[in-house]
Every structure is written in C-alpha cells, then in structure tokens.
Amino acid sequence: MNNNFLNNLQKGFLKRKLSLIGLLIFSIFIFLGIFGPLLIPYDPYKTEYSNRYQLPNNNNIFGTDWAGRDVFSRVLVGAGITLKISIMALCIGSIIGGIIGILIGYMKNNILKMLVIQFNDILLTFPFLVLAILITALLGSNLNNAIIAIGISRIPRYVRIFCLVVNSEKNKKYIISATSLGASKIRILFYHILPNILPIFLVNTVLFFALTIIAEATLSFIGIGAQPPMPSWGLMIRQASENMLVYPFGVIPPSIAILLVVLSANLMADGLREFMDPKLR
Amino acid sequence: MDNLLDITSLHVDFYLDKKTIPAINGLNLSIKKEKTLGIVGESGCGKSVLALSIMGLIPPPGKITKGKIWFRYNQSEIDLVKINFKSKLMRSIRGNKISMIFQEPMTSLNPVFTIGDQIIETIRIHQNVNYTVSKQRTINILKEVGYPEPEKRIYDYPHQLSGGMLQRVMIAMALVCKPLLLIADEPTTALDVTIQAQVLRLMNEIKKGFKPTIMFITHDLGVIAKMADEVAIMYVGEIVELASVNEIFSNAKHPYTIGLLQSIPTLNRQRNILLNTIKGNVPNPGEIKYGCNFYPRCPQVMKKCKNEKPKLIKLSNKQEVSCLLYS
Amino acid sequence: MIRYILIRVTGCIITSFVVVTIVFLIMQYLPGDPVHYLLRGYESEGQVEALRKEFNLDKPLYNQYYIWIKGLLNGNLGFSIFYQKEISSIFIPRFIATIELISLSLFLSIILGIPLGIISAVRVGSFEDGLTGIISLIGVSTPVFVFGVILQIIFCIYLNILPTIGRVSIFENIFDSIKHLILPVFSISLGLLPYVIRNVRSEMLEVLKNDYIRTGWAKGLSPFKIYYKHALRNSLVGTIAVLGINFGMLLGGSVVTELVFQWPGLGTLFIQALMSHDYQLIQVLVLVYALMFTLVNLIVDVIYSIIDPRIALE
Amino acid sequence: MKKLTLVLIYCGIIVNGLYANNLNIGVQSFQNIDPIVTTGTDDYHVISSIYDTLIILENGALLPQLATNWEWLSEKELRVQLRKGVKWHNGKLFSAEDVKYTFDRMKPYKTGYSWFYKAIENTTIINNHEIVFRLNNPDSQLPWSLASVVASIVPKLSESDQIDFKNNAIGTGPFKFIEWNIGEKLILSKNSDYWGKVSEIDSVTFKPVADQNARLLSLRSGELDIIRQVSPDSIPQLRKSSDFDVYPALRHGSMQLAFNFNGGKWNKPVEDPFKDIMIRKAISFALNYAELIAVSGGLSPRVYGPLTPTLKGYPKDERTVERYDYNLELAKGFMSLSSLPNGFSTVLMSPPEYEREAVLVKEHLKEISINVELKVLDWGAIIPLARDPKVRGTEFGMFYYGRSSLTPFPPGVLQKNLSTYGWKPNMFFDVGFDRLFGDVKTLPIEEQMPIYAAAHTYAVDRRISAWIYQWSTSYGYSKNKIDNFESNEVWALFLDMFRINYIKLK
C-alpha cells in the first residue's frame, strides 16, 4: 500500500534500463559478429600443442583450448558464425512461416485453409528441438543443414501465430470499413494489416533469435551441428565439456558468450512487449 | 454517544506520476446507529473513496494522509486509520462488523467458485462454525434476500446468474454476519430500472428487519428519498450540506444542492420548460486552490467566495451547510 | 465433457498416424545405413546384403510402411537393428525413466514457480520481484546443457557430493535414486521455471486488478486466502496453457539433459538411435514424443474446464 | 509396514554391496550378449566371462579350454577332444551336442562376426567327447579362430527351457548371468563350481556409461572400479595419482591416414593427387606423429606400417622397413617434387572418435599448403561412401581411421589396405594381392609369415597410407581394488579385451 509510488517508478525505470542494457549488449554482439575477424589477436584455427590448456593470461585473454588455440579469438569468430546462423535461420523460419501464415490467415475459410492449419497443428506436436535434431540428421549433420533444420522446425509456430493474428485483424471493423470503401485486397493487406502485425512479428523475431542461438548450440553440443574445427560456441562448449575434468574453465567463455547474447535478446523482447500491448500471445 | 462512526478531518491523497491529487480533504462525518446515511454527489466527487477508506481498501496509489475514523462497537472505539489494512483486527472487522456492497455485481464475485462457497467462506472466517451449519445459514440468508430455491442454486456459478440475482447474493454476503455498518456503494446503478426497484425494496425490508446502520452511496437523489434518514451532499471531496431527508427536499440551503434538486426530472412539469442543469462541470480535485470549490459554477457567487474557504456551519440541529451565504 | 475427450483422443490418434507417416518418409532419406554401423566394416562378402534383407531394408517403401504399420496395429513396436531386439523390450524401461525425470522436473518447477511468481506479482517492483525477474531471465537465456555441465563441474568435480551420471531405480535404493535424480531434475527445472514464474506473475497482475479481489478483502479474507485461493485459481488457466505449450520445450530439454547426465531414458536412446541409423527405433521414439505432447495438451484442456467453469469443452 | 521391509531389503543390498568383493566395470554401451550376433566389444567382455571357448589363446600361444587337445586329420578335418565333467550353469553336463549346436546355429554365417567360420562346412560328433570339424577349403588358422569369443560354446537347450541368447545366457564359464536392466546395469556372479580356476571375485556389475567424463568421474568417486576408454587428456593425471592407473590394451591394428587413390571430384586440374607417391610421402613426413599420439592419450606406440609387432608375420628384421617421422623440410621437399607443388585442397573423413586427431592433421597439412576440409561422420554414414560402387569414394580424399585384425593373423588388415576385397577406405587395388591372399590360409602357418612381412614392406614403401600408432584401448582402474592388469592380457576377439576372472584383487 505505502511507498507504492516509489516502487512503480523504480520498476519502470529498472525495466527500461534493462532493455537498454540488452540493446547495448546486442549491438556489441552484432558489431563483433561483423568486425570480429578483424579484431582477433591470433588465428583461431592455429594449433599450438605445446601451449594447450592455458588459463587466462596476457597472451590469451580467455586461455587456450585442448589444441592450444586462442579461445578469445575463437569466441570472437564464433560471434560471427552465431550471427550468420541466427540470421539465416531467422530468414528461413520467419519469412517462409510468416508468408504462409499471413496468406493462410488472409484466405477465405475453405477446405484448403482447414487442411493447411490442421497439418500445421500436427507439425506443432513435434517438440521443437526433437524436430530440429531429426531434420539435421535427415539432411546430414553439418552447420548449414543445422541452420536449415532450425529454420524449418520454427516455421509451424510462425504460421500459427500469423494465421491467428491476421485472421483476427481482418475481421476488425476498420478493415471491413476499408473494404466497403472499395480498397483492394493487396492494399488492405499492406496498408492496414501488415502495419498492425509488425509488433508481433518483431517480438517473435527477437525471441526466435534467442531460441535459434540456443538451438544451434544444442545441436552442435549433441554433435550434429557445426563441424570441427569451426569455432561455433556450442561446439566449443562440447569440446570443453569433454575435457572438463582436465580444464573446467574451458566451458566458461563460450557459455558466457551465449548467455549474454540470448539474455540481451530476451531483454529487448521484454522491452518491446512493454511498449506494446501485453496480450501479445 | 450514539454515533457508530466518526470521521474527523479525513484527507485522502492519490499519488500520480508527478502531482498528488487530494480525493478527500478534511472531511468530517458521523453516522448514527441504526440510521441510514445517504451520500450524494456527482461521480468523481470521492463518494466511493470515502467508503473504501472506511474499509481500509483504498487502491494504490491512494493513501490516507490525515484524519481519524473512529469506529465504536461493544463499548470500545478503534481508529480504523491506525490499523494496518492486512492486520488480523482489521480483517475481523471487515465483512463482519462493517461490510460493503459494490457497484458491479457482475464482476464482484469470483467466477471460479460457486456463490454458495463464497458466502459460506465469509461465514467461516468470522465465526467458527462447521460447514453444515454455515451452509444452512447461507441458505437462510439467501431466502431472506429473495433468492429463488437456494437449496439447489447455491451451487450455481456467478456466470450463470443475472445481475439482479448477483446483487442479491452480494447483499446476502454482506449481511450474513449481521454487520453493524453496511456500506452500499451505488448498489443499483449497474442494474436496469425494474431490478433497481426490487433491490431497493429489498434494502428497505432489510432496514426494517435487523436494523443495520447503512451508509448508502448514490448519485441519484430519487433513490435517497426512498432510502435515507440523513443525507450528506458531497462536492469535490468535501461535504457541502448535511441534513435530514425532509430538510434537503423541503428547504435545501447550498446552491449546489439546489442545483441538484432542480435537475431531477419529475412527471408534473410542463413539457416546454427545459430541465435546468448546473452550468460548467466538476473541477478536478485540487484544481481550485483558494476559496469555495463551487464558486466557478455557483449562480449566487460573491466576491469573497474566490479566496475564502467556507466551513461547515450548523443552521439547525437537523442541518449543516458549508457556504459563505450563511456565515 | 466425455464426448469432447473422446473426440480429442481420436484426433490424437489421427494426428499420430500422420506423424508416423511423416517420420517414416523422413527415415527413408536418412543418410547412412544401420547394417554398416553395426558391422563397422568388419564384414564378409554379401553379409551386408543378407542382413539388409533380413531387416526388410531392401523391400520397396510401401511394403516396409505396410509391414511397420501392421506391426504397430498388433502392438508390435518393431525391431531395433542396433540392439537386435524387439523395441518393446528396450523401450519400456527407458520410457519409465524419462517419465520419472520429466514429471519430477515439472512438479518441481510448478512447486517453486507458483509461489515465486505470486510473490513477485504481489510485491511488484520490490527487490524480490527484481531478483526473481533477473534470475528467470538468466534461466530463459541459458541452454539446458550448459546448466547440466556447470552443475556437474560444481557438484561432482569440486564438491564431489553427488553422482555424475546414471540412474538407480527407486525400488532398488531410494537414497541412491534420489541422489541420482537431483542434478538432472534441477537442470531441467531451471530451464522451465522461468516460464512458470513469468507467467504466474503476469496473470496474477491481471487478476489482482479484478473487482472480486476487492470483494475478497471486503469479506475480510486473509492475504494468503486472497492470493493462493482466489487469485491463483483464476490465474492458473493461463499458466497451465503456457505449461502445455512449453511441454515440448521440456521434452527437448530432457533429451539434452539425459545426454549430459547419461540418464537411461528416451533421450539417450533417441540420440543413440540417430547415431546408429536405427530407423524403426527412431520412428517409434519420435512418435512417442509427438504423442506425449498431444496427450499433455489434451490433459491441459481438460484441466482448464475443471479450474474455470466458464470454459465449456465442446 | 511393506515400505519398511523394502527399506530393510535396500539396506541389506547396500551392506553386502560394501563387504562382498564385487567389481563395477564402466563400459560404453551394450547391444546384446549373443556371441554370434553382437559386434560390440563391451558385449564380448560379458560373453567372454560367461562362456568358454574350445581353445584359448594366451600371450600368442594356444591353450586347451573346453577342448583338451586337437589335431588335423587331413587338410580339411580337425578332430577335437572335449573336456569331461564340465557343467553348464543350469547343472546339465557339457557334451559334443552343444559344440555341434554352437556351430550349426552360425549358419548361414550372416549375423555379427559369424562369417568368421564360413570355412566350416559341418561338424560330426564321434562320441560324447569328440567332434570333427569338416572344412570346405583348407584353413590352417582355424584353431586360432576357434579361440575367438565368437566361437563361445553355447548349450543346446531342450524345447521347454529355451532362452533368448540375446538377453540371457547359460554358459560353462567362470561367471553366471544374473540380470540385465537395459541401459542401467548387467550383473554377473561367480560360478563357484567352475571346472577351471574359480575367480576370487564374487560378482561383477557392468554399467553402460556412454560419456567418457562420466565414466572417469565415477571411477574417481569409487562408483566404478574399472572403466573402458579413459578420456585421453585425463590419462596423464590419472597415471600420476596414487590410487588409479591406466592400462593401454593394444589392438592388433594401426591408426592410419588412408589416401584415396580414386581421387575425387574436387581437384579437377589433376585427377587424383594421391596417385602421386611424392604427395603421399610429403604428407607422411608432414604429420606431427608425437602430437597425434599425445592427443590420443600418449599410450600407443608408433607404428610405420599395417602390421603391428603383436601380429604374426611382423617383419623379424625391422630395419627392412622404412621409418618416416615428422620432418617439415623433407615434406616440403617432396611436395615441391610432386605434380602439385603449390598444393591442393581435399576432404578428410573421420569417425567422431578421432575428431581431434583429424583437426590436428588438418593443421599439419596446412604447412605443406594442402587445404583440408574436415568431414566427421559415423561409421554408418562413412562406409557406404567408401564401398558404394556409384560413389566409389569420390566424397573424400583422405580417411583417418583404425583397423584391427580379428585374428592374430594380418590378412584382414592387409587386404583392407592392398586388395580389391571388401569395402575400401583407400581405393587402392593390386590384383597380385588378391591372388596372394586368396589361398594364403591354405599354406602352413610358418610359410605364411614371410608373405605378410613382404606385404607390410610393400605397403610402407609405397605409402599406401601414413600409419600413425598402434591402436589401443585405455582401461582406467583403481589400484586400491585391483592388483595389476598386465596379467590379464588375453587374446579374445580384439586384443583390447581382458578376461575378468584373471583380474587379481588386492
């Protein structure tokens, strides 16, 4: 009851600050993802066996791994890889899923629509990760296939979301009035519906970004994602965890990296939600 | 001392982002035992806040800043302001000694429990009786409020009932512990006219029945005429006139009261005369810094009204008014 | 109600058949060959062909499909090429193990999640709220296996107080089996908990705004009753919905966690099956995962209608 | 009440778990325990301790086990006398019937490694303790083959008490099969009336633990007493510690970087670089063998050719075989003389278990400007690439893997490297070798030896592959529990196994 005013203020402030931090970390990540390869002190692939399992020191800020490779350089390059993966998977998932979803949602109710939705619901019954693992195995385990797999296994959820949203949007008064004013379908879609579903698209994209990074890491961890010696974070964690008895520290740098990026993405998503109506999903 | 409740110089402020808004400032009021006090005022004048501050349920960011609310029962008197709203004592008073009927019967009952459960619950937190007994009482009280075939229908869920029925249930729930003070916050506004009539009749029966003290809040003078013994007219968080029903309707003193009375539509009025209203509209609380809150709208405004704040002055033992016309 | 459930169950069955078909088709294009995995190249002339014949791998698609479906309908899950056994004999103990793990994690994250969610909803903006918020954010942002590995490093390498891996059946040695359960269950729950907390919190915030909460206060209810009886029951619907959706995530997480902790469950079996190209086993497992997910969501729907009388199941 | 009794029972179990001297062995995973069906080494650990073979091989010499002695009646007939008074775990007496059944059920030599006994046409029982193996063509190595675990003698059971040998077992061996909870554990207990030396171990519990670290951790915490495959990087520190030690069980085979003589589609200018011996030599000098061995755990001795010293027919005079070690100058020299002096790019394929070594190879070859792309695939995916006539190895240029011979004789290993027989990781063919190996088995043992030696030298001189180290499996064990391990070096199927009943406890 009492100092509630202060609480609210603090909360609002805190929230905003957090999502700002998220944005900051995220932009740093993007920057490193693009320019990382220019900043690395060592060749991330160069093995130096004599100097393996070094704890952090002046030469190797994050130490060295089982083959004496500089972990710092690898993490930097890894950022680039992760960025690439996430964006590609995003494109596959969101664009294909989004388009299908919007079209299906915009479609008049007919047998085709029903079938597609039903099929989609069936696909949704596969756990995301299980589906991703399966598809990767199907395509043959390497990074590109992992990306495709992640993208594909995300499509159903996108279709679901957009289908629902567009459906609800297109039955709203203003659309109906617009139609009655004789606006063309295309125009309605682009001028009226899309702007209104943009926020949802944004939030989901950011969330999915986080999800992708985790998924890729997981696939690489299982061993069906990125191929060695590629410095993908998930792969690094796996190799480090294989030697965690000898050199436990090895797990830390890539884990932190993943944690930070995903965290920042989530923070931003929260921030976005704050600004838009809370009942998104 | 036959006052059940004495409110002295009550201040309630609401803290919004930047400024603080005084919803009630320096309000004095006392409610006599077994009488019905009607509280009238336009919406937003702080009627409900007054009620809630008695219950200790002012929603955040609201807060009682000053004043006392003396509540007397079995030879003791407590200051409700002092007690923490979550404290055991306060809980033993709420719903037991003081209970309240809300405006919105539709949303005021928990949708996921049967109405029976919700009333029984009320009984069982205040009186240690076993389930069967409290269930029997529930059925009885529902009978009293004219709830059809309660034996079966106490298992109904709120969403299965009409507004009128729900309001009856609310009333039953409020009365089930035989409270000393019953606060009814616009119990009829949300209902349509015929139902209103029924509910009002019910309230009157209750008055005759086990004479509770009632604080009846409404914006409808018509209703007041039927219900109240005494009337307090509120304007922007202050009481401008306090008098017995007859006084109010026969010779109202405060220009605002007069205005209100004139704006009641009556049947015996010629068609061609317009229903006259009070010019301007209600200022936001705290908007007027100096002088009488009402002067911008007052037909009989004087120079001093602008900078002198009127006090509540006793005209007769039946009537008090706060207006500079009478000082 | 009953009718609704029946409808849904038939729905599940149809779904699962479609799933079966999809999975089957996928399997046919998996690269690699179980027989080769089995022999690792220590083979004799014609042995591979002979084995492929024995496992019906040489038959045309529709034929294999027919054989498999017929088997399923007769309650025969098929034959695992890698283990050279009836799948049912491998499957059941693994299934029990996984169920044990998942249900416990679910239970834990609910038990912890609901009170935490309520606390942070009631004390909105307070220190506790902020803390829970940040913790759950970190929880959401950390891959399950990272939890697993880090927990292992802490509790098994440095403290050396818990067993790293494996499972002991409860009927064998309760204390041991609990010891083995702790880490896996925790690392799964850590992944799920945040979703529960966040959801309970937001739902609670919505619910607490309602009039009937005020009525509750006016009745003189204790805060506990208000929050844990009246408010919680109303906010549960949304929470359970989220649990239903995130159950898939839980399953996925369980696969990885089982891998990290060598839990003898479906997850480890699934990975093993993938690695050894054990088609029928993979099919069965994916099918099971899909079925579990559908069934859970059916259960969720039923629970809805129990919690909230306004929701009619038709 | 029921609960209480249960708890009491648990306590009982724990207590006798503490005091009885039983052995907990951590293995990777079990398939099934039928000697002629399974192909997993772990399974053979179980099989070898439940069943006996006719003949047993210790430190290279054949000793009688269920057979008391054996003699060649003709080139194609081997008569075997059987031990009397041996009892099966179910109490029945062991007889020639069982032996016959054992070898009859191998036909048509489809499953597992049963093809190993293709040479056996039939078996005829002379009397209860005498049986004759008839071969369809001479095989002087048969006695050694009979010493393999695959030839474990299983009982001929009556219709009524049939069991599924995949999940269950009745043998004559030193241990009885108790129970097997799939994925959890497999329990054996001592066979107190074993005809031979009764083991001092009361019971053995195998726990399948796929993850190396997990195994090692449980060894440290005492949950396990012996573990198979210690994660390489932890071997040094484990050897240092006073309570643990690691025993490298050498295999009859060598790790090698095989070259694909078929070339591949990625290097158009010159069809197939690996036909050029200069390039092969360059690579063989460019590899840093010390590092590769170190990454693999540092236990395995360096080898220079397909034959390992433990195999029969290894050249008596080692000086006849060329030795090649890491020498970058030399490597670059050979490279400059080769048909592709400025290097080329190719694909290196490797099964997951050698991933790290493959990574190092990639880096080493960078030095001589060979740009390697890594492909880590499991066996199920690799072999089709290597054997499918359509692909014929165009998917990869090099292949990092290890082969081990199933007998003490090298043909298997050599054929994989040199002849057209079977699937070929390196697409190198020499018909001469086909002819050679076609009838090598028919020769008397001592005449086979020089042929093997010659083949070895031939392979090394031509650098058919770059051979790296003798393939070995590391066994970690706790010194407090186990006296020493070397005493158990027994030939089973691969050399990297041990017989549990030979283990000496402290």
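**Group meeting: helix packing, sheets and interfaces in a four-chain model**

In chain A, the axis of helix H3 (residues 111-124) comes within 9 Å of the axis of helix H5 (residues 143-170), and the two axes cross at roughly 135°. I should state at the outset that this is a predicted model. Angles over 145 degrees would count as roughly antiparallel and 65 to 115 as roughly perpendicular; H3(A) and H5(A) are therefore oblique to each other. The handedness of the crossing of H3(A) and H5(A) is left-handed.

Which residues make this contact? From H3(A) come Ile117(A), Asn120(A), Leu123(A) and Leu124(A), and they meet Pro156(A), Arg157(A), Val159(A), Arg160(A) and Cys163(A) in H5(A). By class, the residues of this contact between H3(A) and H5(A) are six nonpolar, one polar and two charged.

Let me turn to the contact between chain C and chain A. Chain C contributes 38 residues to it, and chain A contributes 37 residues. On the side of chain C that touches chain A, at least two residues each are supplied by helix H1 (2-28), helix H6 (127-141), helix H7 (144-158), helix H10 (223-261), helix H11 (266-275) and helix H12 (279-307) of chain C. Which of these elements gives the most to that side of chain C? The answer is H10(C), with seven residues. As for residue class, the side of chain C that touches chain A holds 28 nonpolar and 10 polar residues, and no charged residues.

Next is the contact between chain D and chain C. Here 35 residues come from chain D and 39 residues from chain C. On the side of chain D that touches chain C, the elements giving two or more residues are helix H1 (2-19), helix H5 (212-220) and helix H11 (379-387) of chain D. H11(D) has the largest share of that side, five residues. The side of chain D that touches chain C is made up of 17 nonpolar, 10 polar and eight charged residues.

I remain with chain D for its sheet. Four strands of chain D form an open sheet with antiparallel pairing, in the order E4-E5-E7-E6. Which strands lie at the edges? They are strand E4 (67-74) and strand E6 (120-127) of chain D, each of which pairs on one side only. On average, neighbouring strands of this sheet are turned by 20° against each other, direction ignored.

Within the sheet, E4(D) pairs with strand E5 (residues 77-82) of chain D over six bridges, in the antiparallel sense. Opposite Trp70(D) stands Val80(D) in E5(D). A helix also packs here: helix H3 (residues 96-104) of chain D lies across E5, E6 and strand E7 (130-135) of chain D, and runs at about 170° to E6(D).

I close with chain B, which is divided into domain 1 (3-228) and domain 2 (243-327). The centres of these two domains of chain B, taken over C-alpha atoms, are separated by 28 Å. Their contact takes 12 residues from domain 1 of chain B and nine residues from domain 2 of chain B. On the side of domain 1 that touches domain 2 of chain B, strand E2 (20-32) and helix H8 (221-227) of chain B are the elements that give two or more residues. That side of domain 1 of chain B comprises eight nonpolar, three polar and one charged residues.

Definitions and conventions. Residues numbered from 1 in each chain as written. Chains lettered and ligands numbered in written order. Predicted model: local features only at pLDDT ≥ 70, side-chain atom pairs only at ≥ 80, totals over all residues. Domains from an automatic or database assignment. Contact = placed C-beta atoms within 7 Å. Nonpolar A, V, L, I, M, F, W, Y, C, P; charged D, E, K, R; others polar. Pairing = 2+ DSSP bridges. Axes fitted to C-alpha atoms, helices over the stretch in contact; angles between N-to-C directions. Parallel < 35°, antiparallel > 145°, perpendicular 65-115°, else oblique. Left-handed = near helix turned anticlockwise from the far one by under 90°.
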